[in-house]
Amino acid sequence: MPVALTIAGSDSGGGAGIQADLKTFEAHGVYGTSVLTLITAQNTRGVQAAHPLPPELVAAQLRSVLDDFPVAAVKTGALGNAGLVRAVADALRGRHLPLVVDPVMLAKSGDALLDASALRALLDELLPLATLVTPNVPEWTALRAAGAVDTLPLLLKGGHAPGETVTDELRAGGHHLTLRAPRQHTRHTHGTGCTLSAAITANLARGLALPDAVQAAHRYLQAAIRAAPGLGGGHGPLGHHAAGREVRAGAVTPSAASSG
């Protein structure tokens, strides 16, 4: 059974972070391991509190997992501060594992999940290790303003852009792929970024090439939004398990894609 690792924060509402990642791994038939970076008091309406864990505890979690499990792919989500970014980068450096970095800066509600000091550490220490970085438009704007270069292996997510078609662009390793999907008008979109990056990671752990992993994850995300259970009074969670059944049954319409 393929093994994947998520390094991220806990969402007590279960819609994003570690919880969404593990649900996504399971939906893809991948065994999920986890390293917790911060604890949030969070629901569909927002983040009420957040507490980063000590870097040495995060490093200990990483050693526990990586020294015992045959991890085939890794993703990072909310890392909180520079000390946590460095702890993660130090643990992964030299292991040559596929790494998907979701540069989580804000929760869906707009609450900050990455402090200003962490951005420099992210650019200097973690992004050079990445197989793929998955920013949305505001995150990519912040990364570029801080000095990120266009040569990064990048999946630029277009959900924040206006229009009835959502367009994501993969630019990595000579691959240029454009993925399009009709915009789904729903408030139940909590954890879409976590879910997409986790699905890519699961597909990499299963041995898919990067373009195939991204396309399959894009289809899974659209199905998960459609299958949202309608929970909470704010930005509700996705239907991770229902989408997995839909994908495995072959009932998901492929996303429109073009390459260049």
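## Exercises on helix packing and residue burial

Arg86 lies in helix H3, and the exercises below begin with this residue in what is a predicted model.

**Exercise 1.** Decide whether Arg86 is buried, partly exposed or exposed, and find which residues Arg86 is in contact with once its neighbours within four places in sequence are left aside.

*Solution.* Begin with accessibility: values under 20% count as buried and values over 50% as exposed, so Arg86, at 38% relative accessibility, counts as partly exposed. Next, leaving aside the neighbours within four places in sequence, Arg86 is in contact with Ala121 and Glu125. Finally, consider the pair Arg86 and Asp124, which are 38 residues apart in sequence while their C-alpha atoms are 9.5 Å apart in space.

**Exercise 2.** Work out how helix H2 is oriented relative to H3, and describe which classes of residue make up their contact.

*Solution.* The first step is the geometry: H2, which spans residues 55–66, packs with H3 at an angle of about 25°, and the axes of the two helices are 9 Å apart. Because angles under 35 degrees count as roughly parallel, H2 is roughly parallel to H3. The second step is the handedness, and here H2 passes H3 in a right-handed crossing. The third step is to list the residues that meet, which are Pro55, Val58, Leu62 and Leu66 on the side of H2, and Gly83, Leu84, Ala87, Val88, Ala91 and Leu92 on the side of H3. Sorted by class, this contact of H2 with H3 has nine nonpolar residues, one polar residue and no charged ones.

**Exercise 3.** Helix H1 packs with H6 and also with H8; determine for each pair whether the helices are oblique or roughly parallel, and describe the residues in each contact.

*Solution.* Take H6 to begin with. H1 (residues 17–27) and H6 (residues 192–205) pack at an angle of about 40°, with their axes 9 Å apart, and H1 and H6 are therefore oblique to each other. Their crossing is right-handed. In this contact Gly17, Ala20, Asp21, Thr24 and Phe25 of H1 meet Cys194, Thr195, Ala198, Ala199, Thr201 and Ala202 of H6. By class, the contact of H1 with H6 has six nonpolar, four polar and one charged residues.

Now turn to H8. H1 and H8 (residues 240–248) pack at an angle of about 25°, with their axes 9 Å apart, and they are therefore roughly parallel to each other. H1 passes H8 in a right-handed crossing. Here Ala20, Lys23, Thr24, Glu26 and Ala27 of H1 meet His240, His241, Gly244 and Arg248 of H8. By class, the contact of H1 with H8 has two nonpolar, four polar and three charged residues. Comparing the two lists shows that Ala20 and Thr24 of H1 take part in both contacts.

**Exercise 4.** Identify the buried residues of helix H5, and state what they pack against.

*Solution.* Start with the burial: in H5, which covers residues 137–145, Glu139, Trp140 and Leu143 are buried. They cover an arc of only 95° around the axis, and therefore they are on the same side of H5. Then look at the face turned away from that buried side, which carries the exposed residues Thr141 and Ala145. Lastly, the partners of the buried residues of H5 are helix H4 (116–126), strand E7 (154–156) and strand E8 (165–172).

**Exercise 5.** Establish whether Ala181 and Leu179 are buried or exposed, and do likewise for His96.

*Solution.* Ala181 is found in strand E9, which runs over residues 175–182, and Ala181 is buried, with a relative accessible area of 6%. Not counting residues up to four places away in sequence, Ala181 touches Glu164, Thr165, Val166, His218 and Gln222. Leu179 is also found in strand E9, and Leu179 is buried, with a relative accessible area of 0%. Between Leu179 and Glu169 there are 6.3 Å in space, C-alpha to C-alpha, and the two are ten residues apart in sequence. His96, in turn, is found in the loop between helix H3 (82–92) and strand E5 (99–101), and His96 is exposed, with a relative accessible area of 75%. As a last step, note the backbone of His96, which has a positive phi of about 55° although His96 is not a glycine.

Definitions and conventions
Residues numbered from 1 in each chain as written. Predicted model: local features only at pLDDT ≥ 70, side-chain atom pairs only at ≥ 80, totals over all residues. Heavy atoms only, no water. Axes fitted to C-alpha atoms, helices over the stretch in contact; angles between N-to-C directions. Helix = DSSP H or I, 4+ residues; strand = E, 2+ residues; numbered from the N terminus. Parallel < 35°, antiparallel > 145°, perpendicular 65-115°, else oblique. Left-handed = near helix turned anticlockwise from the far one by under 90°. Contact = heavy atoms within 4.5 Å. Nonpolar A, V, L, I, M, F, W, Y, C, P; charged D, E, K, R; others polar. Buried < 20%, exposed > 50% of the residue type's maximum accessible area, 1.4 Å probe, protein only. Arc of directions from axis to C-beta.
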